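Reader: Hey, I'm new to this one. Could you walk me through a few residues?
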Amino acid sequence: MRVSIRRAERPDRAVVAELLGEMMPGCQAERRLAWLYDGNPAGRALTWLALVEGRIAGCTSLFPFRLSLDGSAATAALGGDGWVRPAYRRRGIGAALHEASRAALGDQLACMYGAPGAMNVTPLKHGGSREVCTVSRWLRPLRGAGATLSLVERALRIARWPAARLVPMLPCDRRVDAVWRSARATVGVSAVRDAAFYTWRFIDAPSGREPAYVIMRADRPIGACALETMASGRTIRIVDLVAVPGAWHAALGAIAAYAAGTEAGALEIKLASPDGRRRAMWRAGFIERERKPFLVMLPAGGDRRLVD
């Protein structure tokens with residue numbers, strides 16, 4: 001069996017769309033390509049195709065993300081849309097695709113990172129990714145025996161501080177830029193969470209399933225978030241959250257208050273396990289549940305801060 005890997009070019013758009021349709025049945029492939037592959041403010045996606053005896057066997061992609069690294073700008077990539085057609089699996093094709101993507105790291109991309117699905121963990125590790133930590137799912141009941149006010153919410157009520165609230169985000173919302181300028185000093189490494197990112201990632205997303213909000217306290221923006229109501233309707237997932245210094249728990253409280261007004265019975269968020277513990281998520285009523293690996297792939301001679 002002869003396997004070859006090559007970069008996808010413009011004439012390959014139709015075959016990439018076909019692979020996306022196999023990977024995610026029901027996906028509107030052309031809309032996904034226009035949004036995720038072409039419209040990313042950090043740059044166009046990089047895609048590789050695997051061929052076996054000249055036949056397309058699979059693909060993988062890197063999606064650029066702007067990073068703030070100790071306050072400086074860098075560009076990294078989130079790996080995704082990895083797919084090997086069933087007839088060609090267990091032949092090392094996934095590992096070969098990941099190796100090809102690693103070779104692209106260097107001058108343009110500082111690293112590749114993410115918490116991949118279970119079937120991609122082993123090929124990524126074989127391709128040179130390093131497990132930096134785990135990502136935990138943190139769950140807060142909204143109803144029933146486990147649904148109680150968090151310690152922060154109790155303190156706010158006693159002090160009679162103004163409660164924060166969620167306001168629908170506007171495209172290119174300047175309030176998000178204000179939040180990000182304040183928040184970026186509190187994180188060593190983060191994908192940039194400015195208005196351009198939120199507009200592209202959530203407001204312009206084809207599915208429209210993850211609406212974005214500015215979190216306001218009185219007339220001051222203290223955070224930004226995006227939420228997703230899961231298919232069952234019983235859980236609301238915090239897909240993204242950024243808050244100004246000292247407002248993380250107030251932001252969580254505002255989201256919990258919003259979620260309590262829906263039919264959802266629980267609220268969840270995924271955070272790096274040590275970060276969630278450092279933020280004392282238990283104070284906001286969240287319980288740590290299952291974990292999965294968080295991987296980072298560096299180029300040769302890459303910045304070691306990215307695996308700290």
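Author: Sure. Keep in mind that this is a predicted model. Let's begin with V132: leaving aside neighbours within four places in sequence, V132 is in contact with F294, V296 and V307.

Reader: Okay, and which strand does V132 lie in?
Author: V132 is part of strand β6, which covers residues 130-141.

Reader: Is V132 buried, exposed or partly exposed?
Author: V132 counts as partly exposed, because its relative accessibility is 29% and that class runs between 20% and 50%.

Reader: How far is V132 from A272 in space?
Author: Their C-alpha atoms are separated by 9.7 Å, while V132 and A272 are 140 residues apart along the chain.

Reader: Switching topic: where is L20 found?
Author: L20 sits in helix α1, residues 13-23.

Reader: Buried or exposed, that L20?
Author: L20 counts as buried, because its relative accessibility is 1% and the cut-off is under 20%.

Reader: What is L20 in contact with, beyond its neighbours within four places in sequence?
Author: Its contacts are C27, A29, R32, L33, Y37 and D81. As for C59, the C-alpha to C-alpha distance from L20 is 9.1 Å, with the two positions 39 residues apart in sequence terms.

Reader: Last one, H98. Which helix is H98 in?
Author: H98 belongs to helix α3, residues 93-103. H98 counts as buried too, at 7% relative accessibility.

Reader: And what does H98 touch?
Author: Not counting residues up to four places away in sequence, H98 touches T60, N120, P123, L124 and M297.

Methods: Residues numbered from 1 in each chain as written. Predicted model: local features only at pLDDT ≥ 70, side-chain atom pairs only at ≥ 80, totals over all residues. Heavy atoms only, no water. Helix = DSSP H or I, 4+ residues; strand = E, 2+ residues; numbered from the N terminus. Buried < 20%, exposed > 50% of the residue type's maximum accessible area, 1.4 Å probe, protein only. Contact = heavy atoms within 4.5 Å.
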